[in-house]
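Biologist: I am new to this structure and would like a close look at one part of it, the sheet. Please begin with the overall layout and then go through that part piece by piece.

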Amino acid sequence: MPRIKCPNCNSSNTCRIMYGEPAVDEKLEAEANAGRVHFGGCVVSFDDPNRHCNDCETDFDTKARRSIDEELHGR
Ligand SMILES: [Zn+2]
């Protein structure tokens, strides 16, 4: 799987964000400790990012996204 670069710091040290409350087993915990998975918590908004940068702690989305302003005003 190609690494996705962070739009903020251009680092490729990114991982996917898991939402909800996944059953954390040893494998998943190891993934998280290795920085390959980031837990986004159980709050899911309409604008939930799906990637997390381990370097600058920025959450971002790989999909072409609209800004919150655009979501609110329907532009
Ligand atoms: Zn970054």
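How many helices and how many strands make up the secondary structure of the protein?

Modeller: The secondary structure consists of two helices and four strands. Helices (H or I, at least four residues) and strands (E, at least two) are DSSP runs, numbered from the N terminus. In sequence order the pattern is β-α-β-β-β-α.

This is a predicted model, in which local features need pLDDT of at least 70 and side-chain atom pairs count only at pLDDT 80 or more, while totals for chains, interfaces and linings use all residues. Residue numbers start from 1 along each chain as its sequence is written. The pLDDT is the predictor's confidence in each residue, from 0 to 100. Its average over the protein is 82, and 76% of the residues score at least 70. Among the elements, E3 has the highest mean pLDDT (94), and helix H2 (residues 68–73) has the lowest (68).

Now the sheet. The four strands form an open sheet in the order E2-E1-E3-E4, with mixed pairing. Its edge strands are E2 and strand E4 (59–60), each of which pairs on one side only. Two strands count as paired if DSSP finds at least two bridges between them. In general, strands of a sheet pair through backbone hydrogen bonds, either parallel or antiparallel.

Take E1 and E2 to begin with. Strand E1 (residues 14–19) pairs with strand E2 (residues 37–41) in the parallel sense, over four bridges. Between these strands the chain passes through helix H1 (residues 26–33), and this β-α-β crossover is right-handed. Right-handed is defined here as follows: with the strands pointing away from the viewer, the path from the first strand over the helix to the second runs clockwise. As for single bridges, Ile 17 has His 38 in E2 as its partner.

Helix H1 itself is hardly covered, with a count of zero buried residues among its eight. A residue is buried if 20 or more other C-beta atoms lie within 10 Å of its own, exposed if 12 or fewer, and partly exposed in between, with C-beta atoms placed from the backbone. Across the 75 residues of the protein, 7% are buried. After H1 comes Gly 35, with a positive phi near 80°.

At the other edge, strand E3 (residues 51–53) and E4 run antiparallel and are joined by two bridges. The bridge partner of His 52 is Asp 59 in E4. The loop between E3 and E4 holds Glu 57, whose phi is positive, near 60°, in a residue other than glycine. Glu 57 counts as exposed because it has 11 C-beta neighbours inside 10 Å.

The segment before E1 also deserves a look. Asn 10 lies in it and has a positive phi near 65°, again in a residue other than glycine. With 10 C-beta neighbours inside 10 Å, Asn 10 counts as exposed. Cys 9 is in the segment before E1 as well, and it counts as partly exposed because it has 13 C-beta neighbours inside 10 Å. Leaving aside neighbours within four places in sequence, Cys 9 is in contact (C-beta atoms, placed from the backbone, within 7 Å) with Cys 53, Asp 55 and Cys 56. Cys 9 and Cys 56 are 47 residues apart in sequence, and their C-alpha atoms are 6.9 Å apart in space. For the protein as a whole, 49% of the contacts with a separation of 6 or more are between residues 24 or more positions apart.

Note on methods. Two residues are in contact if their C-beta atoms, placed from the backbone, lie within 7 Å.
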